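Me: Please take a close look at a single part of this structure. I should like to know how it is built and what surrounds it.

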Amino acid sequence: MGLRRRPAIVGPRPTVAPPTPGVVLVPLLEDPLRLAVSAERAALLDPDQDVLAQLADAAWAGEPQHTPPRAWLGEQCRRRGFEPRVACVSEDLSVQAAFVAGGHAVAVPPELALGSASEGIVTLPLGDPAPCRTITAAWRKSARNHRAAQAVLEALRRAADEVGADAPRPS
């Protein structure tokens, strides 16, 4: 798996926010989503079966309602016949990770967020291809030809390439 420079769109993906008039969006990097569980919970899962389906009774950590990540999580769980019971609501992925590490919840964070994951968290793939979030640069259309905007975009592209090449693979 791992982070990668943005290829053509493949596989299931979280909802992308609609474009805003007058804003240019440039996709930089695909950041795969992973299932994060405590070591104790991981020991109970059969990795050869659908891991999300095995978590129908689990408490979940996730983003607030009416956000694309939360909508995606609900959709994935409903496809497997259950509604996620969200016990931790936070946009802060380190808060979600603390709930997971403590065995209080499971979560679906993006791989970039796992670099600071706590001890005791095990991550599992969510499929092949993995569902991904897209890291995107955005700026006003009127600024697209400014040298400074082009320099920033080029720096972001280089950083995306470096992150994609050097990304550690979670356990």
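Reply: **Helix α2 and its surroundings**

In helix α2, the buried residues are R70, W72, L73, G74, Q76 and C77. Here "buried" stands for a relative accessible area under 20%, "exposed" for one over 50%, and "partly exposed" for the range in between, computed with a 1.4 Å probe on protein chains only. The model is predicted, so local features require a pLDDT of at least 70 and side-chain atom pairs count only at pLDDT 80 or more, whereas totals for chains, interfaces and linings use all residues. Residues are numbered from 1 along each chain as its sequence is written, and side-chain values use heavy atoms, with hydrogens and water left out.

Helices (H or I, at least four residues) and strands (E, at least two) are DSSP runs, numbered from the N terminus. Helix α2 consists of twelve residues. From its first C-alpha to its last it reaches 16 Å, close to the expected 16 Å; the expected span is 1.5 Å times one less than the number of residues. After α2 comes G81, which has a positive phi near 90°.

The buried residues of α2 pack against β4 and β5, where a contact means heavy atoms within 4.5 Å.

Which residue of α2 meets E75 in a salt bridge? The partner of E75 is R79, at 2.7 Å from N to O. A salt bridge is a side-chain nitrogen of Lys or Arg within 4 Å of a carboxyl oxygen of Asp or Glu. Side chains of opposite charge can pair when their charged atoms come close. Both E75 and R79 belong to helix α2 and lie four residues apart, about one turn of the helix. E75 is partly exposed at 34% relative accessibility, while R79 is exposed, with 57%.

Next comes the loop between α2 and β5. In this loop, R80 forms a salt bridge with D50 (2.7 Å, N to O). D50 lies in the loop between α1 and β4, so this pair links distant parts of the chain, 30 residues apart. R80 is partly exposed, with a relative accessible area of 28%, and D50 is partly exposed as well, at 36%.

The loop between α1 and β4 takes part in another such pair. R41 forms a salt bridge with D57, and their closest N and O atoms are 3.4 Å apart. Because R41 lies in helix α1 and D57 in the loop between α1 and β4, the pair ties together parts that are 16 residues apart in sequence. R41 is partly exposed at 22%, whereas D57 is exposed at 54%. In the whole structure, a search finds six salt bridges.

What, finally, lies around Q96? This residue is found in helix α3 and is buried, at 2% relative accessibility. Leaving aside neighbours within four places in sequence, the contacts of Q96 are A61, G62, E63, C88, S90 and A107. A107 lies in the loop between α3 and β6 and is buried, also with a relative accessible area of 2%. Beyond its own neighbours within four places in sequence, A107 is in contact with R34, L35, A36, W60, A61, Q96 and V100.
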